[in-house]
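Could you walk me through this structure in my viewer? I would like to know what to select next and what is there.

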Amino acid sequence: MIPLMIPKGEARKSRIQQTGSLDKVVSWTHQFPYAHQLWLGQFLGFLNIYDPDYAKAVYSRGDPKAPDLYDFFLQWIGKGLLILQGPKWFQHRKLLTPGFHYDVLKPYVGVFAESTRVMLDKWEKKAREQKSFDIFCDVGHMALDSLMKCTFGKGTSGLKDRDSNYYLAVSELTLLMQQRIDSFQYHNDFIYFLTPHGRRFLRACKVAHDHTDQVVRERKAALQDEKEREKIQRKRHLDFLDILLGARDEEGIKLSDEDLRAEVNTFMFAGHDTTTSAISWVLYCLSLYPEHQQRCREEIQEILGDRDSLKWDDLAELTYLTMCIKESFRLYPPVPQVYRQLNKPVYFVDGRSLPAGSLISLHIYALHRNSTVWPDPEVFDPLRFSPENVAGRHSFAFIPFSAGPRNCIGQQFAMNEVKVVTALCLLRFEFSPDPSRLPIPMPQLVLRSKNGIHLHLKPLGPGSEK
């Protein structure tokens, strides 16, 4: 067993949240081909990996657990898939998998389209001012609106007060969580909950928990009534909560109320900011390359013909758009970095190893720009994802949804949403960047921009959706 040794130097004292850290880590891939140490504060050190073989050695196994750093999420989301490990994680994963079957996902295409059109109508008014504007907030509002519909069967239009408060609480919790990760002094619970941020976090948690608990109680009560049960079953689609309430394992055991709340909260947390980041960066990439943008638009128009809305079967036909989305995910992965702690020693292909208990950071952003893996990594080239090019590539070279047994259970849900939203956006507008306000990628829980993502939008006029 050869312990993994990293050369001394600048990389040993690198900081995760350092300004410009993304470009810095990418530059270190030349100096340290497989990995280097990365520090969060003064005392918490990770092995930061960005090599496909190293990633495979760690993430192809089911035993690495979420590190203690993820305990920050417990107060809000509870012990859902993000936090769980061992038999309990396996049980939840198995119970939730049917909720992402294509029969369940099919009707969501209409839900995504409905929320997107509300956003696009808003953009029509903004575009008349002929100025660039930051799309990130509007995309976030749309993504959360879609999630509310897919999770609880309701959207932001005509919400009761408690639903609107929940909507606002989720937005605030996501922001506060990011702020806490950024501020090392907030990692101590005692200190954090004495601060204004900590108190705001607890208040927002209570709103979120109260809402989820009440919706679960009401839905359970409705299922006891035969007429209400038939009404729910006749709905045009089952929402995520319906799936969870009906989930049973082989022994007939179902999720407890505490488990239900945890998985609903996990779905809302994991599905909101990630898709917001994904869609925003896809639109930015297409704005930079008019030729790729137009080719995607023509593909969409050809598939739709005289129709003005997308169907489930259309998504598989959007081959060039899908390649562009994947190339955007390569350059701007929605989650730039994930963490694990080893339960067992890991042995790498070069003979090096790490003992149990070691902390691992998988730097997806650096892996996707690693020049030993990707020729000309800074070039936007959708053909990297043509079938012939994908066939010869390492299976762990492109992992925007993480990898292995603990990969993102909702990745098909997310890909479908990105396809629908991007397609409808391209039918309504021509996108171009604002050279004076180019985005500055910033690693948080998701990949954001320090100064927003400002784009110029040119309406394509009546008939552009056909």
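Here is a short tour in five stops, and please keep in mind that the model is predicted.

**Stop one: a helix on the inside**

Select residues 52–59, which make up helix H2. Six of its eight residues are buried, so H2 is largely enclosed by the rest of the structure. To see them, colour Pro52, Tyr54, Ala55, Ala57, Val58 and Tyr59, the buried residues of this helix. Now add aspartate 51 and look at the start of H2. A side-chain oxygen of aspartate 51 comes to within 3.0 Å of the backbone nitrogen of aspartate 53.

**Stop two: a loop with an unusual angle**

Next, go to glutamine 130, in the loop that runs between helix H6 (108–127) and strand E4 (133–134). Is glutamine 130 buried or exposed? Its relative accessibility is 71%, above the 50% cut-off, so glutamine 130 counts as exposed. Check the backbone here too: glutamine 130 is not a glycine, yet its phi is positive, at about 55°. For background, most residues other than glycine have a negative phi.

**Stop three: a patch on the surface**

Now select Phe190, Ile191 and Leu194 and switch on the surface display. Together they make a nonpolar surface patch of about 340 Å². Isoleucine 191 belongs to helix H9, which covers residues 189–192. With a relative accessibility of 39%, isoleucine 191 counts as partly exposed.

**Stop four: another positive phi**

Move on to aspartate 376, in the loop between helix H17 (364–368) and H18. What is the phi of aspartate 376 near? The value is near 45°, which is positive, and this residue is something other than glycine. Aspartate 376 is also exposed, at 56% relative accessibility.

**Stop five: an annotated cysteine**

Finish at Cys408, where an unreviewed UniProt entry places the feature "binding site". Cysteine 408 sits in the loop that links helix H18 (387–391) with helix H19 (411–428). Its relative accessible area is 33%, so cysteine 408 is partly exposed. Which residues does cysteine 408 contact, leaving aside its neighbours within four places in sequence? Show the side chains of Arg93 and Phe401, since you are looking for these two: both are in contact with cysteine 408.

Terms used. Residues are numbered from 1 along each chain as its sequence is written. This is a predicted model: local features need pLDDT of at least 70, side-chain atom pairs count only at pLDDT 80 or more; totals for chains, interfaces and linings use all residues. Side-chain values use heavy atoms; hydrogens and water are left out. Patches are made of residues with over 30% relative accessible area and no salt bridge: like charges are joined within 9 Å, nonpolar side chains (Val, Leu, Ile, Met, Phe, Trp, Tyr) within 5 Å. Accessible areas come from the Shrake-Rupley method with a 1.4 Å probe; for residues, only the protein chains shown count as cover. A salt bridge is a side-chain nitrogen of Lys or Arg within 4 Å of a carboxyl oxygen of Asp or Glu. Helices (H or I, at least four residues) and strands (E, at least two) are DSSP runs, numbered from the N terminus. Buried means under 20% relative accessible area, exposed over 50%, partly exposed in between (1.4 Å probe, protein chains only). UniProt positions are given in the numbering used here, feature names are shortened, and annotations may be inferred rather than shown by experiment. Contact means heavy atoms within 4.5 Å. A polar contact is a pair of N or O atoms within 3.5 Å; within protein, one must be able to donate a hydrogen and the other to accept it, and residues adjacent in sequence count only if both atoms are side-chain atoms.
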